[in-house]
Amino acid sequence: MRYWPILLTCVSYQVFAADISVSSPDKNIKFTFTDQNNLAQYQVNYKDNPVISPSKLGFTFEQAKPMYRDFNVKEVNREQVNSNWEQPWGEQRIIDNNYNELTVKFTDINDKNNHFLVTARVFNDGIGFKYHVPSNKPRAITRELTEFTIIDSHKATAYWIPGQGYERYEYLYNETPLKEVSKANTPITVKLGSGVHLAIHEAALIDYASMSLNREKNGRLVADLSPRSDGVKVRKQDSFDTPWRTIQIGDRAVDLINSHLSLNLNEPNKLGDVSWIKPGKYVGIWWGMHIQKYTWGSGEKHGATTENTIKYMDFAAKHGFDGVLVEGWNTGWDGDWIANSELFSFTQSYPDFDIKKVSNYGKKIGVKLIGHHETSGGITNYESQMEEGFKLYQEMGVEQIKTGYVAHGQNLKRRDGNGIMRYEFTDSQDIVNHFIHNVTTAAKYKLSINTHESVKDTGLRRTYPNWISRESARGQEYSAGWSAPNPPSHIPYLVFTRMLSGPMDFTPGIFNLDYPPLKGGTEEDGLSDYMRPQTTIAKQLAEYVVIYSPIQMAADLPENYEAKPKPFQFIKDVPTDWEKSIALQGEVGDFIVIARKEKKHRQYTGKDWYLGAITNEKSRNIEVSLDFLDKGMKYEAQIYKDGKNADWRNNPYDIEIIKQVVTAQETLKIKLSEAGGAAIRFKAL
Ligand code: NOJ
Ligand code: CA
């Protein structure tokens, strides 16, 4: 008799605990909601083995009751979808969308009015789940409790950058045991002891705060939302949905790249006709500022002059580029432009830049002026002038604007309704909303936006296809000499982490590596003897294939391309819009080989394939089966590879350019030198 109460608890527990599962169409992934221990939880199995062990779901709020303990679960609905859809531009034209969906309701055992729904979608390449919280009153979320408890954490390796840091997302990647992760940004990629690869991220981040992950005990990663300036995580007026929490799952590292999970979890295009959004290639008055040949501000070295822009436009027209980006044409750059964000004008030119003259000149020769809006994080200053800035650009025939938000950490400036300056993260709720406001307003003026220092990508290009690219990582600019350069492993990390989220304006194609370092220093400061891109020339070409973006810059100065016309030919040939993409081989941080088939558009026949391969600091021999090529076709393979004596430190310019006829039956063997690469155009014969 003494044991009755204990027995009763156990019995009631077993009677009421529910497990409700949904599997992927191929049955490899099983997602289960459970209320074991009266906690709202989920778990994930892959090929019959757990990969995510029971992990909490729920919230705490400033005033409302927590959604935390004493919840039970009930099934609400199931759906199945097997369809596909077409991207207006992208790394792949047709996207398969094949999943099984389950919605459940978690209810507070002691208060049936305290409940929330969770919908899970299980695809063959991973899972996504999102909350729906019904409410008839405003709520302030103080914590989202979502956990991702990765099994066997002591055997797992994580590839990650810090979340909510001073440099936003512009960090070098850490490769550490999972148990050494602290606060990580997403996507975070994890290789389990079994060799299975996971990437945790989010999709469709709208009117919410971005999710970083805090590692708590062992492999338990817990959501940590970027706080608003008032300390609350997210404010909502009534019922709300969260973004999707996603886990991509694959046996091989490249499976993560070949997955389109995040795009599938975003809403379809909301802009209607988007034929005005144009992928393409551009040059710009840009690298010159980074290597201090020019200045953004006024004075003798001012880069954005009418004369210089016309020179760049002539170069663009001669070599088939679509546009010329001009930075530093508008007033506000003089002095400390990072601190003085409120001085930026988005309509007033410096006297030596005649915007009408250059855009008219561009129209005559078929080259677009590409706009630039650096805000240095001054959100309110920008929003008060944004439409005027867009109008001016539209009148000038501009179709694309690069925006910038250079401000460190929680330092983006937003004036509240009372005119008080508030300081925000790049990815806190109000700034997330600012970016959406920016791209949707730009769409009214038929302008596409390429955001630098942006909130991370969560696949919103599907919903707003004019959000044409973004930075949100350490780009090539870090190797211009003003910072510790990106090491050779940077791109082999980027493609398996940051690039899982969407296109990146990395700005490839630096051909001249002989400029004086702008800073001297030691390895200890993070500075090196090689304060410039740590690369061979062949690798610079490979970047155009490996790093996907519908707009790609040829970042170097015109004279540096004219000095090396042979490798430059590859940059002129390579398209930026693709029918199909396949990541063929690679390991996180080591190397990557990607093949892409061009899409039929403009001058592109839709028949050619391209391949890019990039290695880290190790030289390696790769063997690539060409079985991705179309069967029965012959191609002229135009191969740009590291020359025999290529050496990124002492002889980076050695490149071997050869042509040979190939078919899908062949295998190519290519040697990549240290920090090297290879780029191939397979021209259909
Ligand atoms: C940082 C951007 O990433 C870079 O491309 C730009 O030149 C500067 N900000 C100035 O806007
Ligand atoms: Ca940047």
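How are the donor residues of the calcium ion (ligand 2) spaced in sequence? They follow the pattern E-x282-E-x17-E-x5-E. That site opens this set of close-ups, all taken from a predicted model.

**View 1. Glutamates coordinate the calcium ion (ligand 2).** Here the ion is held by OE atoms of Glu170, Glu453, Glu471 (listed twice) and Glu477, at 2.2 to 2.7 Å. Don't look for a textbook polyhedron: the six donor atoms subtend angles of 51 to 155°, so the arrangement is irregular. Glu453 and Glu471 sit 18 residues apart and link distant parts of the chain. Glu453 comes from the loop between strand S28 (448–451) and strand S29 (467–470), while Glu471 comes from the loop between S29 and helix H9 (490–494).

**View 2. A closer look at Glu453 and Glu471, two of the calcium donors.** Glu453 has a relative accessibility of 6%, so it counts as buried. Glu471 is down at 1%, and therefore counts as buried too. Check the backbone of Glu453 while you're here: its phi is near 50°, a positive value in a residue other than glycine.

**View 3. Ser448 in strand S28.** With 2% relative accessibility, under the 20% cut-off, Ser448 counts as buried. What does Ser448 contact once its neighbours within four places in sequence are left aside? The list runs to Trp276, Ile277, Glu399, Gln400, Ile401, Asn466 and Ile468.

**View 4. Helices H7 and H8 side by side.** H7 covers residues 379–395 and H8 covers residues 429–444. Their axes are 10 Å apart and the packing angle is about 10°, so the two helices count as roughly parallel to each other. On the H7 side, the contact uses Ile379, Tyr382, Glu383, Met386, Glu387 and Phe390. H8 answers with Ile431, His434, His437, Asn438, Thr441, Ala442 and Lys444. Sorted by class, this contact has six nonpolar, four polar and three charged residues.

**View 5. Helix H10, buried from end to end.** H10 spans residues 537–546, and ten of its ten residues are buried, so the helix is largely enclosed by the rest of the structure. The buried set is not just hydrophobic side chains: Lys539, Gln540 and Glu543 are among them, along with Ile537, Leu541 and Tyr544.

**View 6. H10 packs against helix H12 (residues 565–573).** The two axes come within 10 Å and cross at roughly 5°, which makes H10 roughly parallel to H12. H10 brings Ile537, Leu541, Tyr544 and Val545 to the contact, and H12 brings Pro567, Phe570 and Ile571. Which classes do these residues fall into? Seven are nonpolar, with no polar and no charged residues in the contact of H10 with H12.

**View 7. A cis peptide bond between Thr186 and Pro187.** Follow the backbone from Thr186 to Pro187 and you'll find omega near 0°. Pro187 lies in the loop between strand S14 (183–184) and strand S15 (188–191).

**View 8. Arg602, with a positive phi.** Phi of this arginine is near 45°, and Arg602 is of course a residue other than glycine. Arg602 lies in the loop between strand S32 (591–598) and strand S33 (609–615). Is Arg602 buried or exposed? Its relative accessible area is 53%, over the 50% cut-off, so Arg602 counts as exposed.

Conventions:
Residues are numbered from 1 along each chain as its sequence is written. Chains are lettered from A and ligands numbered from 1 in the order in which they are written. This is a predicted model: local features need pLDDT of at least 70, side-chain atom pairs count only at pLDDT 80 or more; totals for chains, interfaces and linings use all residues. Side-chain values use heavy atoms; hydrogens and water are left out. Donors are N, O and S atoms within 2.8 Å of the metal (3.2 Å for Na, K and Ca); water is not among the atoms, so sites may look incomplete. Four donors count as tetrahedral if all angles lie between 85 and 135 degrees; four count as square planar and six as octahedral if opposite donors are over 155 degrees apart and all others between 65 and 115; anything else is irregular. Helices (H or I, at least four residues) and strands (E, at least two) are DSSP runs, numbered from the N terminus. Buried means under 20% relative accessible area, exposed over 50%, partly exposed in between (1.4 Å probe, protein chains only). Axes are lines fitted to C-alpha atoms, for helices over the stretch in contact, and angles run from 0 to 180 degrees between N-to-C directions. Angles under 35 degrees count as roughly parallel, over 145 as roughly antiparallel, 65 to 115 as roughly perpendicular and the rest as oblique. Contact means heavy atoms within 4.5 Å.
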